[in-house]
Amino acid sequence: DALRFLPRRDRDVLHLVYHESLTLEKAAKRLRITKERVRQIKVRAIERLRLRMTGEKTRGDTLRLDLP
C-alpha cells in the first residue's frame with residue numbers, strides 16, 4: 001500500500017479529505033492548522049503518491065519522498 005510510505009501528516013490529510021469527506025476548512029480545524037496548509041499538504045501527498053506509483057522523478061529530483 002503506497003500510503004504507508006507517506007509521512008503521518010500527509011496520510012491524515014488524505015484520510016480526512018477523501019475518506020471522511022471533510023472540506024479543507026473542516027480538516028484544518030481538526031488538525032489545528034490553516035486551510036491553506038491542508039491544501040498544500042494534500043497537493044504534496046498526491047504528488048508523492050503519483051511519484052511512488054509511477055517511479056517518475058520531476059523537478060530535477062528536488063522532491064524527495066522521505067521529507068517530513
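**View 1. The buried residues of α3 in this predicted model.** In α3, the buried residues (under 20% relative accessible area with a 1.4 Å probe, protein chains only; exposed is over 50%, and partly exposed sits in between) are Val38, Ile41, Lys42, Arg44, Ala45, Glu47, Arg48, Leu49 and Leu51. Helices here are DSSP runs of H or I with at least four residues, numbered from the N terminus. What covers these α3 residues includes α1 and α2. This is a predicted model, so local features need pLDDT of at least 70 and side-chain atom pairs count only at pLDDT 80 or more, while totals for chains, interfaces and linings use all residues. Residues are numbered from 1 along each chain as its sequence is written, and side-chain values use heavy atoms, with hydrogens and water left out.

**View 2. α3 from end to end.** With 20 residues at 1.5 Å each, α3 should span 28 Å, and its end C-alpha atoms are 29 Å apart, which agrees. That expected span is 1.5 Å times one less than the number of residues. Right after α3 comes Gly55, with a positive phi near 75°.

**View 3. The largest nonpolar core.** Nine residues make up this core: Val13, Leu16, Val17, Leu22, Ala27, Ala28, Leu31, Val38 and Ile41. Two or more of them come from each of α1 (8-19), α2 (24-31) and α3 (35-54). To count as a nonpolar core, buried Ala, Val, Leu, Ile, Met, Phe, Trp, Tyr and Cys residues have to be joined through side-chain atoms within 4.5 Å. Zoom in on Ile41 and you'll find it touching Arg9, Asp10, Val13 and Ile33 (heavy atoms within 4.5 Å), leaving aside residues up to four places away in sequence.

**View 4. Where α1 meets α2.** Asp12, Val13, Leu16 and Val17 in α1 meet Leu24, Ala27, Arg30 and Leu31 in α2. The two helices pack at about 135°, with their axes 9 Å apart. Those axes are lines fitted to C-alpha atoms over the stretch in contact, and angles run from 0 to 180 degrees between N-to-C directions. α1 and α2 are therefore oblique to each other; under 35 degrees would be roughly parallel, over 145 roughly antiparallel, and 65 to 115 roughly perpendicular, with the rest oblique.

**View 5. Two loop residues with positive phi.** Ser21, in the loop between α1 and α2, has a positive phi of about 55° though it isn't a glycine. At 58% relative accessibility, Ser21 counts as exposed. Arg32, in the loop between α2 and α3, isn't a glycine either, and its phi is positive at about 60°. Arg32 counts as exposed, at 78% relative accessibility.
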